[in-house]
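Reader: Please take a close look at one part of this structure, the place where two helices cross, and set it beside a few individual residues.

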Amino acid sequence: MAFPGTGKIWMNGSFVDWADAKIHIASHVVHYGSGVFEGARCYDTVKGPACFRLDAHMRRLIDSARIYRMDPPYDQQTLTDASIELIQINKFRACYIRPLIYRGYDSLGVNPLPCPVDVALMVWEWPAYFTKEAIEEGIDVKISTWARNAPNTTPAMAKSVANYANAQLIKLEAIADGYAEGIALDVHGNLSEGSGQNLFIVRDSVINTPPIGNSVLSGITRDSVITLARDLGFDVREQTLPRELLYIADEVFFVGTAVEVTPIRSVDRVTVGRGRRGPVTEALQQRFFDIVSGKAPDTHGWLQYVNAPAAAGAAAAKGR
């Protein structure tokens with residue numbers, strides 16, 4: 001994925017050119033990872049571009065900032081409206097949305113409080129995280145030697161910049177060893193999640209996923225898939241899961257904003273089920289993609305249309 005290098009970025013209430021969206025090298029976030037962020041998607045639906053659960057993503061962004069005692073100068077609704085307007089200005093039909101709250105430039109030291117709390121919003125076109133073949137056939141993953149952080153180290157519920165240093169190590173090790181992704185265990189050796197994905201395991205038609213107490217980010221897509229699975233009549237259980245369940249699973253799949261719903265065909269070179277996408281994963285994929293494309297009714301109110309009258313009116317009121 002390459003950045004476009006053109007278009008607009010929203011920074012502290014102003015739209016600036018992509019090339020001018022800069023921070024100082026002495027900004028606190030650069031040295032101490034003092035930032036929280038989100039990743040959301042805008043889909044090109046049959047009714048026009050629509051953001052998927054943008055309200056939930058923005059709420060989690062504000063929650064993450066609160067955990068790190070950052071008080072942003074913009075509320076959830078302002079950031080939601082600004083994201084919609086940013087998509088309109090950049091004229092995207094489908095894109096990735098990246099809000100960021102971070103400690104900016106004032107002074108350096110572990111104490112972040114003297115530094116301002118800055119906010120930025122980026123949007124760019126980002127194709128599927130994995131290939132079409134991977135979506136259908138599945139990917140090969142390994143159990144990482146890097147564990148997720150223990151409780152009372154860094155909070156897993158916050159989507160913080162700092163947590164993704166751990167995610168990078170998981171991803172880098174997986175790539176070096178010839179895998180597409182890695183699965184991390186928690187401090188007790190139980191299943192946690194991927195480098196940036198939540199994990200689901202199917203055994204005898206029961207869908208299992210680790211609870212948030214196992215150093216798991218409370219994923220928006222995770223919540224959506226649990227809801228869709230129950231809509232389809234599946235038994236979904238959030239419970240602590242041992243590593244070895246992966247080796248005897250009928251199906252395993254990742255979910256997340258970037259990966260959407262991606263099957264796993266092997267773990268540590270042990271074939272999962274029939275070695276390709278299973279029927280439960282396929283049913284959930286189909287339902288998820290039908291909703292985000294606008295082909296199926298949005299019964300849960302997850303889509304926020306970019307060019308809806310309310311959004312268009314808000315943009316016009318701001319002179320855009």
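Author: The helix crossing is described below, followed by the cysteines and one further residue. This is a predicted model, in which local features need pLDDT of at least 70, side-chain atom pairs count only at pLDDT 80 or more, and totals for chains, interfaces and linings use all residues. Residues are numbered from 1 along each chain as its sequence is written, and side-chain values use heavy atoms, with hydrogens and water left out.

Helix 6 spans residues 220–231 and helix 7 residues 279–292; their axes come within 10 Å and cross at roughly 110°. Helices here are DSSP runs (H or I, at least four residues), numbered from the N terminus. Axes are lines fitted to C-alpha atoms over the stretch in contact, with angles running from 0 to 180 degrees between N-to-C directions. The two helices are therefore roughly perpendicular to each other, a term covering 65 to 115 degrees.

In contact (heavy atoms within 4.5 Å), Thr-221, Val-225, Leu-228 and Ala-229 of helix 6 meet Leu-284, Arg-287, Phe-288 and Ile-291 of helix 7. By class, this contact has 6 nonpolar, 1 polar and 1 charged residues.

Turning to the cysteines, a disulfide is a pair of cysteine sulfur atoms within 2.5 Å, and the count is 0. The sulfur of Cys-95 has its closest cysteine sulfur in Cys-42, at 4.6 Å, which is too far for a bond. Cys-95 is buried (under 20% relative accessible area), at 2%, and Cys-115 is buried at 3%.

Ile-175, by contrast, lies in helix 5 (residues 163–176) and is exposed at 52%, the cut-off being over 50%.

Terms used: Angles under 35 degrees count as roughly parallel, over 145 as roughly antiparallel, 65 to 115 as roughly perpendicular and the rest as oblique. Ala, Val, Leu, Ile, Met, Phe, Trp, Tyr, Cys and Pro count as nonpolar, Asp, Glu, Lys and Arg as charged, and the others, Gly among them, as polar. Buried means under 20% relative accessible area, exposed over 50%, partly exposed in between (1.4 Å probe, protein chains only).
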